[in-house]
Amino acid sequence: MDTHVGKFMDSVGSIFRGGDVLPWCDRDIIAGFEREIAEAANEEQKNDSLMRLSWALVHSRQPEDVNRGIGMLQVSLDRPSSPLQTREKLYLLAVGHYRTGDYTRSRQLLERCLEIQPDWRQALTLQRLVEEKTRRDGMIGMAIITGAFGLVGLVAGGIIAAASSTSSSSRKK
């Protein structure tokens, strides 16, 4: 169990060291947190373990894990909690939505996080990542559209040129 917590803390630490990349979590860590929940001696330990499991799930490379984490966090958000816990849940939901490519929802959740704590570095870092990803995806989309229009123009120009040369050669006969 200490190994899983150590890996978890290393992953969490990467975002505090100023890295632009969100940490990833593997299935071993997830399995460790699932065992931790089953072995919890009281409700407080179980709730703490559920938060760690939610963290691990939304940081997984497996889409089904990320979606499971999102579901767990949405359910837990409906329960009463402190502003700090709410902020953490909103942030983890934002991570999950970022991982699934739902950048609009991620941005909305981050705005709610930053209402609670405007200077929270983790949320600000993720917000920057969301903005960069949205901007990059928008530029790729524009390049695809521009390329498609260019291709259509080339094809249309080729057809017009072929039709024009066919009609001029038939007039000469």
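A charge is said to sit over a ring if NZ of Lys or CZ of Arg is within 6 Å of the ring centre and within 35 degrees of the ring normal. I begin with that definition since two such placements will come up in this talk. In the first, arginine 99 lies over the face of tryptophan 24, at 3.7 Å from the ring centre. I shall return to both of these residues.

Good morning, colleagues. The structure before you is a predicted model, and I should like to start with how confident the predictor is. The average pLDDT of the protein is 82, and 69% of the residues reach at least 70. Over residues 11–19, however, pLDDT stays under 50, and the model has 16 contacts beyond four places in sequence for that stretch. Where pLDDT is low, the predicted coordinates should not be read in detail. I shall therefore leave the detail of residues 11–19 aside, given their pLDDT under 50.

Let me turn to the overall architecture. The protein contains seven helices and zero strands. Read from the N terminus, the order of elements is α-α-α-α-α-α-α. The chain has 173 residues, of which 34% count as buried. Among contacts with a separation of 6 or more, 54% join residues 24 or more positions apart. The accessible surface comes to about 10,400 Å², and carbon and sulfur atoms account for 58% of that area.

I now take helix 5, which covers residues 83–100. How far apart should its ends be? At 1.5 Å a residue, the 18 residues should span 26 Å, and the end C-alpha atoms are indeed 26 Å apart, so expectation and model agree. Helix 5 is mostly covered, with 13 of its 18 residues buried. After helix 5 comes glycine 101, which has a positive phi, near 90 degrees.

Next, consider histidine 59, in the loop between helix 3 (43–58) and helix 4. Is this loop residue buried or exposed? Its relative accessibility is 1%, and the cut-off for buried is under 20%, so histidine 59 counts as buried. Which residues does histidine 59 touch, beyond those up to four places away in sequence? They are Pro23, Trp24, Cys25, Leu92, Val95 and Arg99. Here we meet again the pair from my opening, since arginine 99 lies over the face of tryptophan 24. In addition, the C-alpha atoms of histidine 59 and aspartate 26 are separated by 8.3 Å, although these residues are 33 apart along the chain.

Helix 4 itself, residues 63–77, holds serine 76. With a relative accessible area of 8%, serine 76 is buried. Between the C-alpha atoms of serine 76 and lysine 89 there are 7.9 Å, with 13 residues of separation along the chain.

My last site is leucine 114, in helix 6 (residues 103–116). Leucine 114 counts as buried because its relative accessibility is 14%. Apart from neighbours within four places in sequence, its contacts are Trp120, Ala123, Leu124 and Gln127. Of these, leucine 124 lies ten residues away in sequence and 7.9 Å away in space, C-alpha to C-alpha. Tryptophan 120 brings us to the second placement that I promised: arginine 87 lies over the face of its ring, at 3.7 Å from the ring centre.

A final word on aromatic rings. How many aromatic pairs does the protein hold? The count comes to two. Thank you for your attention.

How values were computed. Residues numbered from 1 in each chain as written. Predicted model: local features only at pLDDT ≥ 70, side-chain atom pairs only at ≥ 80, totals over all residues. Heavy atoms only, no water. pLDDT = per-residue confidence, 0-100. Contact = heavy atoms within 4.5 Å. Helix = DSSP H or I, 4+ residues; strand = E, 2+ residues; numbered from the N terminus. Buried < 20%, exposed > 50% of the residue type's maximum accessible area, 1.4 Å probe, protein only. Areas by Shrake-Rupley, 256 points an atom, 1.4 Å probe, with all protein chains shown as cover. Phe/Tyr/Trp six-rings, centres within 6.5 Å; stacked < 30°, edge-to-face > 60°. Expected span 1.5 Å × (residues − 1).
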